[in-house]
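Trainee: I would like to learn how to read a structure like this one, feature by feature. Could you give me the general idea each time, and then the case in front of us?

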Amino acid sequence: MLVAIDLLLTVGILRRLREGADGTPARPVATPPRGHRIELGLDRQPWPAEAERMLSGTALVAMVVLGCSTCERLHRAIDELDYGVPIPFLVLGEPDDPESTTAYLATWQDATAVVAPHPFDELDSFGRPDTYPVIMVIENGRVTASGHRLHDVTAAMYMAADRLDAASRPH
């Protein structure tokens with residue numbers, strides 16, 4: 001009898017931990033999972049054409065927040081790459097303070113800078129990530145790797161670059 005009660009209490013505690021304090025489901029994972037299709041049509045407002053083109057192809061995508069120290073570490077890591085980013089590079093910022101965000105995004109070398117149409121936690125296209133930075137490699141509009149540090153996606157980034165290079169060579 002005590003074992004059954006203990007088991008029920010344990011299951012209840014685990015369920016509460018998995019759900020928010022108010023009983024709502026827990027937030028999604030902090031980065032889009034491998035295989036996630038970037039569906040910009042899920043967002044309430046349209047994206048700029050350049051972002052749509054890049055997010056449906058192959059690119060390194062960084063979602064960064066103004067004033068985030070971890071985002072700055074990512075910024076330095078990308079700047080320190082020996083030969084730069086080997087695939088198209090898109091850096092996304094939140095629209096809360098568009099002027100400051102645009103100025104900040106402009107400091108990311110060799111990146112196409114875009115202010116997202118919504119705050120990141122409202123972007124259904126990316127699964128509403130909630131911890132930043134989020135960095136991902138996408139190929140044909142699908143996430144092949146994601147994480148919070150450049151190291152999390154480096155191998156996938158170079159493999160994507162090799163595939164792009166092979167596809168551009170004459171057969």
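Mentor: Let us begin with a loop, and keep in mind throughout that this is a predicted model. Pro-133 sits in the loop between β3 and β4, and the peptide bond that joins Tyr-132 to Pro-133 is cis, with an omega of about 5 degrees.

Trainee: Which other residue in the loop between β3 and β4 has a backbone angle to look at, and what is the value of its phi?

Mentor: When you read phi, look at its sign and at the kind of residue that carries it. Arg-128, which is found in the loop between β3 and β4, has a phi near 55 degrees, and that is a positive value in a residue other than glycine. Asp-110 also has a positive phi, near 60 degrees, and is likewise not a glycine, but Asp-110 belongs to the loop between α4 (98–105) and β3.

Trainee: Are Arg-128 and Asp-110 buried, partly exposed or exposed?

Mentor: The general idea is to compare the relative accessible area with two cut-offs, since buried means under 20%, exposed means over 50%, and partly exposed lies in between. Arg-128 has a relative accessibility of 32%, so it counts as partly exposed, whereas Asp-110, at 69%, counts as exposed.

Trainee: Where do negative charges gather on the surface, and which residues take part?

Mentor: For a charged patch, you look for side chains of like charge that come together on the surface. Here Asp-96, Asp-97, Glu-99 and Asp-121 form a patch of negative charge. One of them, Asp-121, lies in the loop between β3 (112–115) and β4 (134–139), and because its relative accessibility is 36%, Asp-121 counts as partly exposed.

Trainee: How many salt bridges are there, and which residue meets Arg-163 in one of them?

Mentor: To read a salt bridge, you look for a side-chain nitrogen of Lys or Arg within 4 Å of a carboxyl oxygen of Asp or Glu. By this rule there are six salt bridges, and in one of them the side chain of Arg-163 meets that of Glu-139, at 2.6 Å from N to O. This pair links distant parts of the chain, for Glu-139 is in strand β4 and Arg-163 is in helix α5 (residues 150–168), 24 residues apart.

Trainee: Why does Glu-139 count as buried, and why does Arg-163 count as partly exposed?

Mentor: You can use the cut-offs from before. Glu-139 counts as buried because its relative accessibility is 12%, while Arg-163 counts as partly exposed because its value is 44%. Sequence and space can also be read side by side for Arg-163, as Arg-163 and Thr-58 are 105 residues apart in sequence and 9.8 Å apart in space, from C-alpha to C-alpha.

Trainee: Which partners do Asp-152 and Asp-165 have in their salt bridges?

Mentor: The side chain of Asp-152 meets that of Arg-149, at 2.9 Å from N to O, and Asp-165 forms a salt bridge with Arg-169, where the closest N and O atoms are 2.8 Å apart. Asp-152 has a relative accessible area of 29%, so it is partly exposed. For the other pair, Asp-165 is partly exposed because its relative accessible area is 39%, and Arg-169 counts as partly exposed because its relative accessibility is 46%.

Trainee: What is Thr-144 in contact with, leaving aside its neighbours within four places in sequence?

Mentor: A contact list tells you which residues surround a chosen one. Thr-144, which lies in strand β5 (residues 142–147), is in contact with Arg-34, Val-137, Ile-138, Glu-139 and Ala-156, once those neighbours are set aside. Because its relative accessibility is 19%, Thr-144 counts as buried.

Trainee: How many helices and strands does the protein chain have, and in what pattern do they follow one another?

Mentor: For the whole chain, you count the elements and then read their order along the sequence. The protein chain has five helices and five strands, and they follow the pattern α-α-β-α-β-α-β-β-β-α. Buried residues make up 38% of its 171 residues, and the accessible surface of the chain comes to about 9900 Å², with 56% of that belonging to carbon and sulfur atoms. Among the contacts with a separation of 6 or more, 67% are between residues 24 or more positions apart.

Key: Residues are numbered from 1 along each chain as its sequence is written. This is a predicted model: local features need pLDDT of at least 70, side-chain atom pairs count only at pLDDT 80 or more; totals for chains, interfaces and linings use all residues. Side-chain values use heavy atoms; hydrogens and water are left out. Patches are made of residues with over 30% relative accessible area and no salt bridge: like charges are joined within 9 Å, nonpolar side chains (Val, Leu, Ile, Met, Phe, Trp, Tyr) within 5 Å. Accessible areas come from the Shrake-Rupley method with a 1.4 Å probe; for residues, only the protein chains shown count as cover. Lys and Arg count as positive and Asp and Glu as negative; His and the chain ends are not counted. The place of a charge is taken as NZ of Lys, CZ of Arg, CG of Asp or CD of Glu. Helices (H or I, at least four residues) and strands (E, at least two) are DSSP runs, numbered from the N terminus. Buried means under 20% relative accessible area, exposed over 50%, partly exposed in between (1.4 Å probe, protein chains only). Contact means heavy atoms within 4.5 Å.
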